[in-house]
Amino acid sequence: MTKPTATREGTARIPAQPGAREADGAPPGERPTLRLRDTGAEAPDTPGADPTRYAPEWLELREGADASARAPELLDPLRIRLANLPGRSGGLVIHDLGCGTGSMGRWLAPRLDGPQHWVLHDRDPYLLHFAAVSSARSAADGSRVTVETRRGDIARLTPEALTGASLVTASALLDVLTRDEVDTLAAACAGAGCPALLTLTVAGRVDLSPADPLDAEIAEAFNAHQRRTGLLGPDAVTVACEVFAEHGATVRVQPSPWRLGPDDAELTARWLRGWVGAAVEQRPDLAPRAGKYLAARLAASAAGESRVTVHHSDLLALARPTGGTS
């Protein structure tokens, strides 16, 4: 079995399982709507390519921390906007970009009233299957929630792909995009006149207790790793605020930190391995000290003696509704 490699804050990526993707594209019932972004020498849908995906086990492990961290303060302004969107009488159409196993839908759908139809976008058909079968079925008021899946990425997202959309959502996505891709997303939302709720974007700050002299150096190296190949990493929220505002949206930001304690030892350990691993990948000279550092951190976590706060931000961008005012 191939060992996962860390690519963001504790995120593991593993090779796709055999048979996870049909040779001619998406499995039955899934519609390819957005062109997939190349991730290496070969496009993911090139015969013989070895696509990677976020491990469902990691996404499942972090779901509780994600749910606790998301900022509820953004829900009331979102509900107000949704209630006043043209065509709301037919129910909400919500596009979840990079849906993974669907945790955003499971969190948000039961917090919104009225019938909802969720369109789940991900490049990985294996994760799309997870998301579809475990999606929420009822809204806050008991209305029906339905789901469809679409294979794709947001690199070439267009307003046409969002025709009829009431809302765009994403979780832990902005920091793994480039500025051009955020501009593509903002332009598509502006063109479709729909708001965007984008949660759990890394903020580039981590607080660990007890403190260690190496904390700051590991954090700096990790942040540099996040910015590799033009990705926004910890600059994502600042850039997204600028870009959505340029497209006429009103933007609100709220903190959404993970607060990990003794009850979160497994998640803390997985996150620590990914965080330190990315730092060492960025700065190999850290390896000797980082190995001892990681061992000490893991031991403290296992003993229930550590606390970790991983800072994130949630962003709500309220685009002007098409044919109306903001």
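Of the contacts in the protein chain with a separation of 6 or more, 84% join residues 24 or more positions apart. The model behind this figure is a predicted one. Its protein chain holds nine helices and 11 strands, and 52% of the 326 residues are buried. The accessible surface amounts to about 14,400 Å², with carbon and sulfur atoms contributing 51% of that area.

Helix 5 offers a helpful place to look more closely. This helix covers residues 179-192, and its 14 residues should span 20 Å at 1.5 Å a residue; the end C-alpha atoms are indeed 20 Å apart, so expectation and model agree. The buried residues of helix 5 are Glu 181, Val 182, Leu 185, Ala 186, Ala 188, Cys 189 and Ala 192. Viewed down the helix axis, these buried residues fall within an arc of 160°, and therefore they line one face of helix 5. Their packing partners are three strands, namely strand 4 (92-97), strand 7 (167-171) and strand 8 (196-209), together with helix 7 (236-246). Just after helix 5 comes Gly 193, which has a positive phi, near 70°.

Helix 8 can be described in a similar way. Running over residues 265-282, helix 8 has 18 residues, and the distance from its first C-alpha to its last is 26 Å, close to the 26 Å expected at 1.5 Å a residue. Its buried residues include two tryptophans, Trp 271 and Trp 275, along with Leu 267, Leu 272 and Val 276. Also buried in helix 8 are Thr 268, Gly 274 and the alanines Ala 269, Ala 278 and Ala 279.

Note on methods:
Residues numbered from 1 in each chain as written. Predicted model: local features only at pLDDT ≥ 70, side-chain atom pairs only at ≥ 80, totals over all residues. Heavy atoms only, no water. Helix = DSSP H or I, 4+ residues; strand = E, 2+ residues; numbered from the N terminus. Expected span 1.5 Å × (residues − 1). Buried < 20%, exposed > 50% of the residue type's maximum accessible area, 1.4 Å probe, protein only. Arc of directions from axis to C-beta. Contact = heavy atoms within 4.5 Å. Areas by Shrake-Rupley, 256 points an atom, 1.4 Å probe, with all protein chains shown as cover.
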